[in-house]
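Welcome to this short tour. Open your viewer, get comfortable, and follow along one selection at a time.

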Amino acid sequence: MQAYPTMFQQFSPQVTSDYLALNIGLVTMNLVLALTDQGLASNIFLGFDKTKVNEVLEIDHRFRPEVLVTVGYSDEKAEPTYRLPVDDIMEVR
């Protein structure tokens with residue numbers, strides 16, 4: 001834990017942004033898996049106007065929303081969404 005402050009100080013703003021965006025993706029994945037395990041439905045949104053989210057939810061503008069997650073109960077069975085073919089995004093060596 002002592003190494004992290006020094007590590008973050010060396011990051012450029014872009015590297016910091018990329019690092020934090022990746023981490024929020026990992027947190028979101030775990031959150032959604034935990035919600036599903038508890039019988040809750042959820043949906044992850046990525047394409048939204050981030051400035052409007054701050055305004056509507058009254059979030060300080062120094063914070064940048066990365067994802068929105070809706071949570072609730074559903075009577076409908078979840079249907080799979082489109083995913084890129086694994087061969088297009090991964091190479092096994």
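Two residues are in contact when they have heavy atoms within 4.5 Å of each other. Keep that in mind as you look at this predicted model. Among contacts in the protein chain between residues at least 6 apart in sequence, 44% link residues at least 24 apart.

**Stop 1: the whole chain as a cartoon.** Select the protein chain and look for four helices and two strands. What pattern do they follow along the sequence? Reading along the chain, you meet α-α-β-α-β-α.

**Stop 2: the overall dimensions.** Now show just the C-alpha trace and turn it around. Along its principal axes, the trace spans about 50 × 45 × 25 Å. The radius of gyration is 17 Å, while a compact globule of 93 residues would have one near 12 Å.

**Stop 3: the surface.** Switch on the surface display. The accessible surface of the protein chain comes to about 8,500 Å², and carbon and sulfur atoms account for 58% of that area. How much of the chain is buried? Buried residues, those under 20% relative accessible area, make up 11% of the 93 residues.

**Stop 4: the charges.** Colour the side chains by charge. You should find 7 positive and 13 negative ones, and the centres of these two sets lie 5 Å apart.

**Stop 5: an annotated stretch.** Finally, select residues 9-73, where an unreviewed UniProt entry places the feature "domain: Nitroreductase". The end C-alpha atoms of this span lie 42 Å apart. Colour residues 9-73 by secondary structure, and you will see 52% helix and 15% strand.

Conventions: Residues are numbered from 1 along each chain as its sequence is written. This is a predicted model: local features need pLDDT of at least 70, side-chain atom pairs count only at pLDDT 80 or more; totals for chains, interfaces and linings use all residues. Side-chain values use heavy atoms; hydrogens and water are left out. The radius of gyration is taken over C-alpha atoms; the globule rule is 2.2 Å times the number of residues to the power 0.38. Buried means under 20% relative accessible area, exposed over 50%, partly exposed in between (1.4 Å probe, protein chains only). Accessible areas come from the Shrake-Rupley method with a 1.4 Å probe; for residues, only the protein chains shown count as cover. Lys and Arg count as positive and Asp and Glu as negative; His and the chain ends are not counted. The place of a charge is taken as NZ of Lys, CZ of Arg, CG of Asp or CD of Glu. UniProt positions are given in the numbering used here, feature names are shortened, and annotations may be inferred rather than shown by experiment.
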